[in-house]
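Welcome, and please open your viewer so that we can walk through this model together. Have your selection tool ready, and we will go stop by stop.

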Amino acid sequence: MAAAELTVQPAFGPPSRVLISATPEHLMRDAAAAIAIACADAVAERGAFHWALSGGSTPVALFRLMATPEIAPGMEWGAVHAWWGDERDVPSDHAESNYRAANDALLARVPIPAANVHRVRTEDGADRAAAAYEADIRAALGDATAFDLVLLGLGDDGHTASLFPGTVGALPPEALVAAHFVPKVGMRRVTFTPRLINAARRVAFLVSGAGKAEVLRRVLRGPSAPDELPSQLIRPDAGELTWWVDAAAAGRL
Ligand code: 6PG
């Protein structure tokens, strides 16, 4: 069943393209298909697909689906480079590690070269890890630092990556990757900044469940309040922004 398309004109900024899938299962299938298309386009044009994965729980079902024999062959894994839009300041084998979640569900199950898995090296400490990650990104992507796809989640408080309410203004304005203490979660996080995310060729939010319906409505249809709703800061400079959502999450749009 094809996703329904909705264009949402917010009270501020450009319209948002929302693709609404009937169920969470359809959402993950639709997202996997879109990622495979983005991958094929990038590999055909530039020989590589640089993909920043999101953390949290929502994408795990997508990662597991992408690792299945039905879906995995649709990606040219030898040309895929996996990065993380944010990471928790924990060891890479920790239960809360975004790297571990994606590696267990997907990357360890597909033929992606180990050198193409760009983990945030939290063992070096969050600040050094953020600086090294930014240097790696600049070296891999060049001056434009344009990811082919940045996959994002949406927190029920309006955060995305590790850009939490009330914290973005304190980030170094020129940084592409930053480390900061996030009081709400009581830990340091390493995160892409809006500047880096907005340089991407494609940005896609993956949002599932009725629990996200109100925050999705506020982000897309509410007044501009980016300090309170950092997801509103995501406006690609020249790339595409798409919201991949299921009907439950879209229930208040
Ligand atoms: C993280 C994520 C974060 C996540 C949202 C949504 O490290 O937690 O990058 O931005 O995408 O919090 O998380 P859920 O999918 O678990 O609701």
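Helices, which need at least four residues, and strands, which need at least two, are DSSP runs numbered from the N terminus. With that in hand, keep in mind that you are looking at a predicted model.

**Stop 1: Thr145.** Select Thr145, which you will find in the loop between helix H4 (126–141) and strand E6 (149–152). Look at its backbone: phi is positive, about 40°, although Thr145 is not a glycine. Is Thr145 buried or exposed? Its relative accessible area is 5%, so Thr145 is buried, the cut-off being under 20%.

**Stop 2: Ala161.** Next, pick Ala161, in the loop between E6 and E7. Here is another backbone to check: the phi of Ala161 is near 50°, a positive value in a residue other than glycine. Ala161 counts as buried because its relative accessibility is 11%. Now show the ligand as well, and draw a distance from a polar backbone atom of Ala161 to an oxygen atom of the ligand: you should read 2.7 Å.

**Stop 3: the ligand.** Stay with the ligand and display its surroundings. Which residues come nearest to the ligand? Of the 15 residues around it, they are Ser57, Thr58, Asp86, His159 and Ala161. By character, the shell divides into two nonpolar, nine polar and four charged residues. If you have a pocket display, turn it on: the ligand sits in the largest pocket.

Two side chains deserve a distance label here. One belongs to His159, which has a polar side-chain atom 2.7 Å from an oxygen atom of the ligand. The other belongs to Lys212, where a polar side-chain atom also lies 2.7 Å from a ligand oxygen atom. As for surface, the ligand taken alone exposes 420 Å², and the protein buries 88% of that.

**Stop 4: His180.** Move on to strand E7 (residues 177–182) and select His180 within it. Which backbone oxygen does the side chain of His180 reach? It is that of Ser162, at 2.8 Å. His180 counts as buried because its relative accessibility is 8%.

**Stop 5: Ile234.** Finally, go to the loop between helix H6 (213–221) and strand E10 (240–246), the place of Ile234. With a relative accessibility of 1%, Ile234 counts as buried too. To finish, select Asp143 together with Ile234: the two are 91 residues apart along the chain, and their C-alpha atoms are separated by 20 Å.

Note on methods
Residues are numbered from 1 along each chain as its sequence is written. This is a predicted model: local features need pLDDT of at least 70, side-chain atom pairs count only at pLDDT 80 or more; totals for chains, interfaces and linings use all residues. Side-chain values use heavy atoms; hydrogens and water are left out. A residue is near a molecule or strand if one of its heavy atoms lies within 4 Å of it. A polar contact is a pair of N or O atoms within 3.5 Å; within protein, one must be able to donate a hydrogen and the other to accept it, and residues adjacent in sequence count only if both atoms are side-chain atoms. Accessible areas come from the Shrake-Rupley method with a 1.4 Å probe; for residues, only the protein chains shown count as cover. On a 1 Å grid over the protein atoms alone, a cavity is a set of points where a 1.4 Å probe fits but cannot get out, and a pocket is an open set with protein on both sides within 12 Å along at least five of seven lines; lining residues have an atom within 4 Å of a point. A molecule sits in a cavity or pocket if more than half of its atoms lie within 2 Å of its grid points. Ala, Val, Leu, Ile, Met, Phe, Trp, Tyr, Cys and Pro count as nonpolar, Asp, Glu, Lys and Arg as charged, and the others, Gly among them, as polar. Buried means under 20% relative accessible area, exposed over 50%, partly exposed in between (1.4 Å probe, protein chains only).
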